[in-house]
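Trainee: I am new to this structure. Could you walk me through one part of it?

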Amino acid sequence: MLASQPASSAALAQSSGLKRTPLYALNVARGGKMVPFAGYEMPVQFPPGVLKEHLHTRASAGLFDVSHMGQIALRPKSGKVEDAARALERLVPQDILSIAPNRQRYALFTNAEGGVLDDLMVANFGDHLFLVVNAACKEADEAHLRRELADACIVENLSGRALIALQGPKAEAVLSKLSPGVAGMAFMDCGPRQVMGIDCFVSRSGYTGEDGFEISVPAERVEALAAALLDDPAVMPIGLGARDSLRLEAGLCLYGHDIDTETTPVEANLNWSIQKSRRSGGARAGGFPGADVILAQLTGGASRKRVGLKAEGRAPVRENAPLFGSAEGGEPVGLVTSGGFGPSVNGPVAMGYVPASHAADATQLFAEIRGQRLPVRVTPLPFSPHSYKR
Amino acid sequence: MTVLYTADHEWLRIEGDVATVGVTDYAQTQLGDVVFVDLPKVGRVVKKAEAIAVVESVKAASDVYAPIGGEIVETNEALGGDPSLVNSDPAGGAWFFKIRIADKSELDGLMDEAAYKAHAG
């Protein structure tokens, strides 16, 4: 019944040239089931399994190894951080100039057609910008930055740094023991901080919908820090499986699935991420790739939209399931881009693209699974409420 | 009563001309937390190796294949109410379906417990 199991992870890495994060040994020692992901051997789950890891993160605290993600410093040649911010605004529709020191903001690299090349976090560290990008896109993003911003910025790949995330309602109490003062941070605050005496960059953010922190650590120190965090009885190591179910319940996009070069920010329902200053009539309107398409959609709407979908039965509705407007006949009107079982919702949850005419809350649609059309309903996102510390 | 196993990690308990089929403990460990099981309809006539049931974990959907040909004579309705039985009692309460064996010679290719243990490692 099972698809053939992968060969041992050592054989896997040797044969396919997969990379390992600085926490590889710790992940294996903790019983992580290692799988290939974005060119890395990553733990998809630990012995408790996806369901328990997911619920533990929502109830207590989970530790995630996200060292496969790209960390980039964008340094202004002029020495003035606003020059790096103005330069980066040529590549993203977000207001970068107004990010205050020690604050960060969600952003999108767009292409000339208005599609999304990657989504990222941009932090203002006072004298430079600090970017976190997706693992699968990091080489392309770095090349894009070097090519487009060479006049104004020095692009520094911070490949010597690991990245971990501590997420959940007990994250603050746990991290406070190793880094007094983090309790004073609000959602999206960030900056250099000592954690267990190690020079880290800490931000109060994450990808689970929970309160929590993301911590950039020098690679050679991350194992000691992760081990110390895991020594806390409130903390459990969490794999990619629960990371995916947590972000899906939180209604957050996964690049390459819910957003890609074929989807615009407006179609993806990410309008909130585009500040007024970059929209038509704003102080720095347009001036990013695909601005003509994106600004027109911000004003006039897009013909399709990313929505949340809840199945009415128990069968999970998964990625690539076609969506129909009726129980029988007709052509598909849309497609599921992420879907699965939501452990906190205790039922199937999904996201997908549907025509604007079918995007209103509570619209009845049908997802085709194994030849059967199962009823689903358009549902407001997130499925599981966010608990950020504002 | 004989218990046989497939290379795909299913077990068959043979009683007369009916086989009760489920998945092994090894399989449930690999699947992880089971959240949904889709079973075939009673009366359906299936061929050996046909995908006839689906077991879904949080992570993924996996097909369950007919280990032998025959007619589905009963399915386990308890799995609809509590799919996690597959994790807690894979060899007992979480049987999937009963199949009336069409051709007993199809049992010849299956493994006994010792052979299966060697296979699953």
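Trainee: Which residue in β19(A) is the bridge partner of A:Lys310? Please take a close look at the strand β14(A) around it.

Mentor: The bridge partner of A:Lys310 in β19(A) is A:Arg377. First, some ground rules. This is a predicted model, where local features need pLDDT of at least 70, side-chain atom pairs count only at pLDDT 80 or more, and totals for chains, interfaces and linings use all residues. Residues are numbered from 1 along each chain as its sequence is written, while chains are lettered from A and ligands numbered from 1 in the order in which they are written.

Strand β14 of chain A covers residues 304-311. Strands (E, at least two residues) and helices (H or I, at least four) are DSSP runs, numbered from the N terminus. Two strands pair if DSSP finds at least two bridges between them.

β14(A) has antiparallel neighbours. With β19(A), residues 372-379, it shares 4 bridges. With β17(A), residues 347-355, it shares 7 bridges, and these strands also run antiparallel. There, A:Lys305 has A:Val354 as its bridge partner.

Now burial. A residue is buried if 20 or more other C-beta atoms, placed from the backbone, lie within 10 Å of its own; it is exposed at 12 or fewer and partly exposed in between. In β14(A), 7 of the 8 residues are buried, so the strand is largely enclosed by the rest of the structure.

Look next at helix α9 of chain A, residues 291-300. Its residues A:Val293, A:Ile294 and A:Leu295 are buried. The buried residues of α9(A) pack against β5(A), residues 104-110. After the helix comes A:Gly301, with a positive phi near 85°.

Technical notes:
Two residues are in contact if their C-beta atoms, placed from the backbone, lie within 7 Å.
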